[in-house]
Amino acid sequence: MQRSAVVEIRAATAEDVGDLADIYQASADHHVRLDPSLYSTPDYLALKERYTRRLPLPENEEILVAEVEGEVVGWIDMQLRPATGQPRMMRDAVTVGIDIAVLPEHRAQGVGSRLVAAAEAWAAGRGAEVITMQTHVANLDAIRFYQERHGFRTTGILMMKRTASNLSD
């Protein structure tokens with residue numbers, strides 16, 4: 001893709017189920033290479049079924065897709081989370097959690113940035129104060145993308161340890 005190619009952003013529809021699953025699976029393959037002890041590549045048919053069950057989405061969720069020349073090349077999945085109203089250490093806020101994936105051959109070409117900008121607009125339109133996301137510590141390109149291009153900052157570290165029953169993994 002040339003940088004001058006037009007990236008169209010739109011809401012995902014039931015007709016996008018196969019593309020959503022393809023892109024998810026490509027992202028999973030990337031993550032398996034980063035940390036095979038944590039990630040696996042899910043069954044493709046199960047992914048398609050998952051998206052088929054999810055679409056159409058409830059009002060507090062949205063999946064946007066990025067198209068280049070009619071081909072779906074990425075998506076961003078957003079979930080609006082209301083403030084809890086409960087006393088807690090962290091400031092209570094309406095948040096949007098995001099998950100994003102772009103096909104490898106379309107990365108570093110503005111697709112992800114367009115998706116993040118669309119997610120920011122969606123979140124702001126619903127009164128969200130904060131956008132959250134997770135990425136693996138070894139996913140340095142993603143970390144740079146979020147921090148340097150989009151102003152995200154690291155606010156915590158997710159830690160894990162296998163239980164005794166899973167130490168052989």
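The following exchange goes through the strands, helix contacts and backbone features of a predicted model.

Trainee: In what order do the five strands of the open sheet stand?
Mentor: The sheet is open and its pairing is mixed. Neighbouring strands are turned by 25 degrees against each other on average, direction ignored. The order is S1-S2-S3-S4-S5.

Trainee: Which strands stand at the edges of this sheet?
Mentor: An edge strand here has a single partner strand, so one side of it is left without a neighbour in the sheet. That applies to residues 7-11 and to residues 130-132. The edge strands are S1 and S5.

Trainee: How many bridges join S3 to S4?
Mentor: Strand S4 covers residues 95-102, and S3 and S4 run antiparallel. On the S2 side, S3 also pairs in the antiparallel sense, with strand S2 at residues 61-68, over eight bridges. For S3 and S4 the number of bridges is eight.

Trainee: Which residue in S4 is the bridge partner of methionine 78?
Mentor: Methionine 78 lies in S3, where it stands opposite glutamate 62. S3 is also joined to S4, by eight bridges. In S4 the partner of methionine 78 is isoleucine 98.

Trainee: How many of the eleven residues of strand S3 are buried?
Mentor: Buried means under 20% relative accessible area. Strand S3, residues 71-81, is largely enclosed by the rest of the structure, because most of its residues meet that cut-off. The number buried is eight of the eleven.

Trainee: Which residue takes a positive phi in the hairpin of S2 and S3?
Mentor: The hairpin has two residues between the strands. Beside it, valine 68 stands opposite glutamate 71 in S3. Most residues other than glycine have a negative phi. The residue with a positive phi, near 50 degrees, is glutamate 69.

Trainee: Is glutamate 69 buried or exposed?
Mentor: Glutamate 69 lies in the loop between S2 and S3. The cut-off for exposed is over 50% relative accessible area. At 76% relative accessibility, glutamate 69 therefore counts as exposed.

Trainee: What is the relative accessible area of alanine 108?
Mentor: Alanine 108 is placed in the loop between S4 and H3. It has a positive phi of about 60 degrees although it is not a glycine. Alanine 108 is exposed, and its relative accessible area is 59%.

Trainee: Which residues does the cis peptide bond join?
Mentor: Most peptide bonds are trans. In the cis bond of this model, omega is about 0 degrees. One of the two residues, proline 56, lies in the loop between H2 and S2. The bond joins leucine 55 and proline 56.

Trainee: Why are H1 and H2 described as oblique to each other?
Mentor: Two packed helices are described by the angle between their axes and the distance between the axes. Helix H1, residues 17-34, packs on helix H2, residues 44-54, with the axes 9 Å apart. Angles over 145 degrees count as roughly antiparallel and 65 to 115 as roughly perpendicular, with oblique used for the rest that are not under 35. H1 and H2 are therefore oblique, at an angle of about 130 degrees.

Trainee: How do the residues of the contact of H1 with H2 divide, and how many are charged?
Mentor: From H1 the contact includes Leu20, Asp22 and Tyr24, and from H2 it includes Leu47, Lys48 and Arg50. The residues of this contact divide into seven nonpolar and three polar, and the number charged is three.
The crossing in which H1 passes H2 is right-handed.

Trainee: What is the angle at which H3 and H4 pack?
Mentor: Helix H3 covers residues 111-125 and helix H4 residues 140-150, with their axes 12 Å apart. Their crossing is right-handed. The angle is about 60 degrees, which makes H3 oblique to H4.

Trainee: Which residues in H4 meet those of H3?
Mentor: The contact of H3 with H4 divides into three nonpolar, three polar and two charged residues. H3 contributes Gly112, Ser113, Val116 and Glu120. In H4 the residues are Phe145, Tyr146, Arg149 and His150.

Trainee: How many Å apart in space are alanine 164 and arginine 10?
Mentor: Alanine 164 is placed in the segment after H4, and it is exposed, with a relative accessible area of 70%. In sequence, alanine 164 and arginine 10 are 154 residues apart. In space, C-alpha to C-alpha, the separation is 46 Å.

Key: Residues numbered from 1 in each chain as written. Predicted model: local features only at pLDDT ≥ 70, side-chain atom pairs only at ≥ 80, totals over all residues. Heavy atoms only, no water. Axes fitted to C-alpha atoms, helices over the stretch in contact; angles between N-to-C directions. Helix = DSSP H or I, 4+ residues; strand = E, 2+ residues; numbered from the N terminus. Left-handed = near helix turned anticlockwise from the far one by under 90°. Contact = heavy atoms within 4.5 Å. Nonpolar A, V, L, I, M, F, W, Y, C, P; charged D, E, K, R; others polar. Buried < 20%, exposed > 50% of the residue type's maximum accessible area, 1.4 Å probe, protein only. Pairing = 2+ DSSP bridges.
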